[in-house]
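Biologist: I'd like a close look at how one pair of helices packs, please. Start there, and then carry on to whatever else is worth a look.

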Amino acid sequence: MSDNSSNAIDALQWENRRFPPSEAFKDQALVAGTFMYDTAAQDDLGFWAQQAAELIDWSTDWETICEWNLPFAKWFVGGQLNVSYNCLDRHVLAGRGDKVAFHWVGEPGDTRTVTYSDLLAETQRFANVLKGLGVGRGDRVNIYLPMIPEAAVAMLACARIGAAHSVVFGGFSAHSLRDRINDAEAKVLITADGGYRRGDVFALKPVADEALESTPSITGVVVVRRGGNEVAMQEGRDHWYHDLMAAADPVCAADPMDSEQLLFLLYTSGTTGKPKGIMHTSGGYLTQVAFTHKYVFDLHDDDVYWCTADVGWITGHSYIVYGPLANGATQVMYEGVPNFPGNDRFWEIIESYGVTKFYTAPTAIRTFMKWGIEEPAKHDLSSLKVLGSVGEPINPEAWMWYHEHIGGGRCPIVDTWWQTETGGIMISPLPGATTTKPGSATFPLPGIGAELVDENGVRVDRGGGYLTLTRPWPSMLRGIWGDQERYRETYWSRFDGRYFAGDGAKLDDDGYLWLLGRVDDVMNVSGHRISTTEVESALVAHPSVAEAAVVGATDATTGQAIIAYVTLRGGAEVTEQDLRNFVGEEIGHIAKPKAIYFTPDLPKTRSGKIMRRLLRDVAEGRNLGDTSTLADANVVTELQRRAADVPAED
Ligand code: PRX
C-alpha cells in the first residue's frame, strides 16, 4: 500500500437525488422488484447454477457448481461446452441466422452488416486457418487489430478450437506487444495492415514487425487488409487473411471443451512494472457475462446494443464479444473516434441504427459535456432505453448530464463497477429494480458478495473503506499466467479470506456503494489502468534520466492525468516532448505523461522513500500538509513554483 492510500477514502459529499425506474420501464423490464436478489441471497451457488443452465448450452452437465480452494476456484466442474457454439451455432440452429450480430461502422463511413450466419461461417473458416497454422487446444494466439468484425472472428475462432487468445490494444507500442507475446509464448499473431483513427490510417503491421524481431515463439502471422497502407510481408511467416480464408475449409466442428479450459489471457497493469496476464476460463466466465449483459442492460430481442469500448480491453471482451453474442444480441460496432468527422458522430450512429442500449465511459461523457449540448440535440435519440457507464467513478454532474441530454430524462443509468480480474460486472443497478443515485454504482448484483473493510480487515457498514469481494464468482480470474504466487500475493494477501480489488469505496446510510478510485499505485486515465511504476520504469530507461516519480493527478476530463517528476543525469539534456514520445514508444500513447517536470531532486523521506502524496498535492495544486519528514523541504517549494506553469498536452 502506498503512502497516498488515505486520500482515496476522503469524504464525498452526499448526493441526495434519487431516480426510481418509471412505471413504464418496470412494466417491460426483465426484473422489477427484489425476487432475483432474494433467490440469490438464499443460495448463491444454486442461483449461479440456475443461470448457467438457463443461459448456456452444455454438451456435458457439470458435477460440482463450484470448487473453492482459496484462492483458486473452479466453476461448473466436469461440465463441457463450446464457447463459440454458444455465441454462434445455437442461434443459427434456432432459426436466427439472419439476425444481425454487428452493424459495423467504419470510421471513414463504410459499413458492413454481419449476421449470425455470416459470423458463424467466417469463424469456422478462420478456425480452420488457425489449425492450418499449427494452432491447437491450449496454444496461445495474439491478436493486435483495429475495431473490425475480424477481431470478433479471431477471438471466436480461438475459442472454437480451444486455443486461448491474448488481445493487445492497438494503441500499445511494439515493446508492449513484444513483452505480451513473449510472456504468453504465443504461436500466431493476428494483425492488420492498419486501421482508421481521426481520419488517418494508423499502422499496425509495421509496429508488429518491430515486435516480431524478438518473439521466438511466433511461427505465423495473419494480416487483415483494412488500412490499405504499404506493409512488408515476410515469406513463409506472414499471410494475408483473405488469401488463407479463400483456401480454408468452410466447416469446423465446435468440439466440447472443459468448463475450465483457458479462454483468454488479458494483460493489465498492477502496482509493479510488469503487466499481469489475467487468466479467464470458459463455463463460469460465459455464464456471468451472459447473465450480466442480459439483466444489467435489460436485454430484449429487438434491442440494438452499442458498447463503445475497444475489443483490446476487458469491456470489449465481455460486453462486445462474449456476453452479447451468447445472448444473440444485435450490436453496433464502431471503428473510430467520437469526433470524426464531427463531434456528433456517436449521436448520428445512435439515430441511424436506432440504438436502444448504450454503454460508454465517464471520460467520454465528460468530453461530450465540453463539446456542448448542441451536439446530441442535432439527433433524435428517442430510441435509447438504458445507458451504461464503466471504467471509473462517474461524478454526479456527468451522471446528470448523461441522464438529461442523452437519456432524455427517461433512461435508467447503470453505473457498472468491475475489473479485468472480475471478468464481468459485479456492482450495478438492475435498471427495472433499483432506485439510482447519481454517482453511485448502488449494490452488488445478485450472487455477488462485496463488503468494505477498514485497515485491519474489520467490516465497515457505513462510511469509507477498502472494497473487498467475499466469495468466489463464476467469471473471476483463475490466476496470473505463469505466476500463481503473484496472484495470491496481489489479490488475496491483504485481507484474510477476501479478494481485495484495489479500490476505495464508501457506504451511505441507505447501503449504497460509492466508488472512490484506486488506493494503490495504479492510475486510472480515461478508464485505463496504468501503473505508476510502469511509467517510471519507462522514463528511467531513457539514457538521460536518473530518477523519476509518477503520480496520477485529478483531471476534469480523463479522471486522472499522468504527471511525472524527473531528475536528469549530470550533464544530460532532453526535452519534455522527447521524453513523452519515449514513454509512448516504450508502453503506448495512452501512457504518455500529460506533464513532465524536471527537478534537481525528488522529495524524499529521510529513509529515502519518494513522497508521492506530496507530489500529488503539488500536481493538484493543494496546500501541503506536514512536510517535516522531508529530507530537504526546499525541493518541494521549487516543484510548486514549476507546477504553476501550464503543462503541455498532445
Ligand atoms: O478502479 C476501478 C475502475 O477501473 C478499475 C478496473 O480497471 P480495468 O481492469 O481496466 O477494467 C475497466 C473496465 C471494467 C477498477 O478497479 N472502475 C471500473 N468501473 C468503475 C470503476 N470505478 C468506479 N466506478 C465504476 N463503475
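Modeller: Let's start with α7 and α8, which are oblique to each other. Under 35 degrees counts as roughly parallel, over 145 as roughly antiparallel, 65 to 115 as roughly perpendicular, and oblique is the rest. Bear in mind that this is a predicted model, where local features need pLDDT of at least 70 and side-chain atom pairs count only at pLDDT 80 or more, while totals for chains, interfaces and linings use all residues. Residues are numbered from 1 along each chain as its sequence is written, and side-chain values use heavy atoms, with hydrogens and water left out.

Helix α7 covers residues 174-184 and α8 covers residues 205-212; their axes sit 8 Å apart at an angle of about 55 degrees. Helices (H or I, at least four residues) and strands (E, at least two) are DSSP runs numbered from the N terminus. The axes are lines fitted to C-alpha atoms, for helices over the stretch in contact, with angles running from 0 to 180 degrees between N-to-C directions. The crossing of α7 and α8 is right-handed, meaning that the near helix is turned clockwise from the far one by less than a right angle (anticlockwise would be left-handed).

Who does the touching? From α7 it's Ala174, Leu177 and Arg178, and from α8 it's Val207, Ala208, Glu210 and Ala211, where contact means heavy atoms within 4.5 Å. An α-helix has 3.6 residues a turn, so residues three or four places apart point the same way. Sorted by class, the contact of α7 with α8 holds five nonpolar, no polar and two charged residues. Here Ala, Val, Leu, Ile, Met, Phe, Trp, Tyr, Cys and Pro count as nonpolar, Asp, Glu, Lys and Arg as charged, and the others, Gly among them, as polar.

For another pair, look at α2 (residues 35-42) and α3 (residues 44-55), whose axes come within 5 Å and cross at roughly 120 degrees. That angle makes α2 oblique to α3. Met36, Thr39, Ala40 and Gln42 of α2 meet Asp44, Phe47, Gln50 and Gln51 of α3. The mix in the contact of α2 with α3 is three nonpolar, four polar and one charged.

Helix α19 (residues 612-619) is mostly covered, with six of its eight residues buried. Buried means under 20% relative accessible area, exposed over 50%, and partly exposed in between (1.4 Å probe, protein chains only). Those buried in α19 are Arg612, Leu614, Leu615, Arg616, Asp617 and Val618. Just past α19, Gly621 has a positive phi of about 70 degrees.

Now a residue whose partners are far along the chain: Phe72, in strand β2 (residues 72-77). Phe72 is partly exposed at 28% relative accessible area. Arg478 is 406 residues away from Phe72 in sequence, yet their C-alpha atoms are 6.5 Å apart. Leaving out residues up to four places away in sequence, Phe72 touches Glu67, Arg478, Gln484, Tyr487 and Arg488.

Ser526 sits in the loop between β27 (522-525) and β28 (528-531), and Ser526 is also partly exposed, at 24%. Beyond neighbours within four places, Ser526 contacts Thr363, Glu392 and Thr558.

And the cysteines? The whole structure has zero disulfides, a disulfide being a pair of cysteine sulfur atoms within 2.5 Å. Cys307 is buried at 3%, but its closest cysteine sulfur, in Cys87, is 15 Å away, too far for a bond.
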